Amino acid sequence: RANGVELAHLRSRSFFGEMALLTDAPRSASVRCEAPTILLRAERATLELLAGKSPSVGEVLARYARGRLLRNLMACSPLFEPLDPKRRSQLIELFGSSVFEAGEVIIDEGGDSPGLRMVLSGSVRVSKGQGTERLELGQLGPGGILGEISLVKAGPASARVVADTKTVILTLPRDDFHKKVGDFPEVLAHIWQGGTE
């Protein structure tokens, strides 16, 4: 459960905690037992040792974590809320992903937006201004939308967005956005209602 939203029911042989482990981010959801449960726990150092000896372990964890992050995002993000599950999956498949280290610029003020961007994990800071004279506009975490104003107005970015922590960003490239957004009018309506930059 995250922010009051129930994300999943886990049964026998399911695992959890992999997202915080792989992203070095604080836990983004709570897990509660609904019945008496026996859990097996692996420490970070043990898993790192195991992944070093058998890279497929790390690959499985990374693939599973990305899938869970995407499912959680689709369940919690207002961008996906108006869509039924099938159309949510169709939309999320249009996005690619990239990783930014803390301090990296994701969108530069005055630059072009590469497309519609969303925070999958981690957090970013949004600011405006010149040099060291910058006005902090806020911080966005998972589900935060970036680059939408310059995208729909076909103008330069009006704010700078910098990774606050190691952050995974989903990007729907500009050309794909313009080709596909007509299939998702609810998304366009949501974008026009608010903006980050």
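**Exercise 1. The chain as a whole**

What does the accessible surface of the chain come to, and what percentage of it belongs to carbon and sulfur atoms? Then describe the chain's overall make-up.

*Solution.* Keep in mind that this is a predicted model.
- Step 1: The accessible surface is about 11900 Å², and carbon and sulfur atoms hold 53% of it.
- Step 2: Turn to the inside. Of the 197 residues in the chain, 32% are buried.
- Step 3: List the secondary structure, which consists of seven helices and eight strands.
- Step 4: Look at contacts with a separation of 6 or more. Residues 24 or more positions apart make up 75% of these.

**Exercise 2. An open sheet**

Work out in which order the strands of the four-stranded open sheet lie, and which of them stand at the edges.

*Solution.*
- Step 1: Read across the sheet. The order is S1-S8-S3-S6, and the pairing is antiparallel.
- Step 2: Find the edges. Strand S1 (96–100) and strand S6 (145–146) each have a single partner strand, so one side of each has no neighbour in the sheet.
- Step 3: Recall that strands of a sheet pair through backbone hydrogen bonds.
- Step 4: Zoom in on one pair. Strand S3 (residues 115–121) runs antiparallel to S6 and is joined to S6 by two bridges. Here arginine 117 has leucine 146 of S6 as its bridge partner.

**Exercise 3. A hairpin**

Describe how S4 and S5 pair, and find the glycine with a positive phi in their hairpin.

*Solution.*
- Step 1: Strand S4 (residues 124–130) and strand S5 (residues 133–140) are antiparallel and share seven bridges.
- Step 2: Pick one bridge: lysine 128 is partnered by leucine 135 in S5.
- Step 3: Go to the turn. Two residues lie between the strands, and glycine 131 has a positive phi near 50°.

**Exercise 4. Glutamate 34**

Is glutamate 34 buried or exposed? Say where in the chain to look for this residue.

*Solution.*
- Step 1: Locate glutamate 34 in the loop between helix H1 (18–23) and helix H2 (44–53).
- Step 2: Use the cut-off: exposed means over 50% relative accessible area. Glutamate 34 has 66%, so this residue is exposed.
- Step 3: Compare sequence and space. Histidine 9 is 25 residues from glutamate 34 in sequence, while their C-alpha atoms are 9.5 Å apart.

**Exercise 5. The cavity**

What volume does the largest cavity have, and which classes of residue line it?

*Solution.*
- Step 1: The count is one cavity of 30 Å³ or more, and the largest cavity has a volume of about 40 Å³.
- Step 2: Residues lining the largest cavity include Leu91, Leu116, Phe177, Lys180 and Phe184.
- Step 3: Sort the lining by class: eight nonpolar residues, no polar ones and one charged residue.

Definitions and conventions: Residues numbered from 1 in each chain as written. Predicted model: local features only at pLDDT ≥ 70, side-chain atom pairs only at ≥ 80, totals over all residues. Heavy atoms only, no water. Buried < 20%, exposed > 50% of the residue type's maximum accessible area, 1.4 Å probe, protein only. Contact = heavy atoms within 4.5 Å. Areas by Shrake-Rupley, 256 points an atom, 1.4 Å probe, with all protein chains shown as cover. 1 Å grid on protein atoms, 1.4 Å probe; cavity = no way out; pocket = protein on both sides within 12 Å on 5 of 7 lines; lining within 4 Å. Points joined across faces, edges and corners; volume = space filled by probe spheres on them. Nonpolar A, V, L, I, M, F, W, Y, C, P; charged D, E, K, R; others polar. Pairing = 2+ DSSP bridges.
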